[in-house]
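Please consider the protein chain shown below together with its sequence. The explanation proceeds from the chain as a whole to individual residues.

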Amino acid sequence: MSGRVQLALNVSNLAESIAFYSRLFGAEPAKVRPGYANFALAEPPLKLVLMENPGQGGTLNHLGIEVADARSVDAAQDRLAGAGLAAVAERGTTCCYARQDKFWVKGSPDGERWEIYTVLADSATFWDQDGSRGWDSAEAELDAAGGRGQAQCCGTAATETETAAAQG
């Protein structure tokens with residue numbers, strides 16, 4: 001599978017973290033939204049995602065592999081399903097201010113959450129516009145599919161704000 005590894009970190013202060021990682025990598029973020037930023041780096045090939053989560057700073061949120069297109073997502077899902085690792089497909093979903101095709105991987109020994117995804121388009125919202133899809137429902141599906149561990153993926157203060165705004 002070729003692509004770029006994604007590392008999503010919980011950070012206590014988004015502005016401070018953006019300043020630090022901008023200096024560390026000598027690059028500005030590719031996207032900054034309320035409670036969220038990402039760096040799409042060519043060197044090293046990395047998608048660094050920062051999720052403002054006061055009190056959770058310095059912890060892993062989730063991991064991922066960003067691939068080129070939906071066909072690559074499907075191929076990875078087929079391969080990993082054959083190895084007993086694929087779970088919870090999400091096609092045309094909105095998450096992290098992007099419309100995506102993706103799936104979540106189950107079976108990591110320590111419960112880390114991995115996603116394999118491609119970005120289809122930018123989004124003005126963190127979750128789906130109608131607030132119908134959020135991390136709680138994806139986590140419940142992963143747990144039902146045999147995922148392990150306490151997940152936090154995409155669980156930020158921004159998600160609650162986005163959901164309330166979308167429903168209100």
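The paragraphs below treat the overall fold, then the pairing of strands, and finally two individual residues.

The model is a predicted one. Its protein chain contains 4 helices and 8 strands, and their order along the sequence is β-α-β-β-β-β-α-β-β-β-α-α. Of the 168 residues in the protein chain, 47% are buried. Among contacts in the protein chain with a separation of 6 or more, 62% involve residues 24 or more positions apart. The protein chain exposes an area of about 8000 Å², and carbon and sulfur atoms supply 52% of that area.

Strand E8, which spans residues 114–122, offers a suitable place to begin a more local description. Strand E5, formed by residues 59–66, is joined to E8 by 4 bridges, and the two run parallel. Within this pairing, Leu63 has Trp114 of E8 as its bridge partner. Strand E8 is also joined to strand E7, residues 98–105, in this case by 8 bridges and in an antiparallel arrangement. Here Trp104 is positioned opposite Glu115 in E8. Strand E8 thus has bridges to E5 and to E7.

The chain continues from strand E8 into a loop that leads to helix H3, residues 135–144, and Ser123 belongs to this loop. Is Ser123 buried or exposed? Ser123 counts as buried because its relative accessibility is 12%, below the 20% limit that defines the buried class. The side chain of Ser123 reaches the backbone oxygen of Thr125 at a distance of 3.0 Å. Which residues does Ser123 contact when its neighbours within four places in sequence are left aside? They are Arg33, Thr94, Tyr97, Ala98 and Arg99. Of these contacts, Ala98 belongs to the residue range 98–105 of strand E7, the antiparallel partner of E8, and Thr94 to the range 86–95 of strand E6.

Strand E6, residues 86–95, also includes Cys95. Cys95 has a relative accessibility of 1% and therefore counts as buried. Along the chain, Cys95 and Asp122 are 27 residues apart, and a distance of 9.9 Å separates their C-alpha atoms. Asp122 falls within the range 114–122 given for strand E8, so the description returns to the strand from which the local account began.

Definitions and conventions
Residues numbered from 1 in each chain as written. Predicted model: local features only at pLDDT ≥ 70, side-chain atom pairs only at ≥ 80, totals over all residues. Heavy atoms only, no water. Buried < 20%, exposed > 50% of the residue type's maximum accessible area, 1.4 Å probe, protein only. Polar contact = N/O pair within 3.5 Å; in protein donor to acceptor, adjacent residues only side chain to side chain. Contact = heavy atoms within 4.5 Å. Areas by Shrake-Rupley, 256 points an atom, 1.4 Å probe, with all protein chains shown as cover. Pairing = 2+ DSSP bridges.
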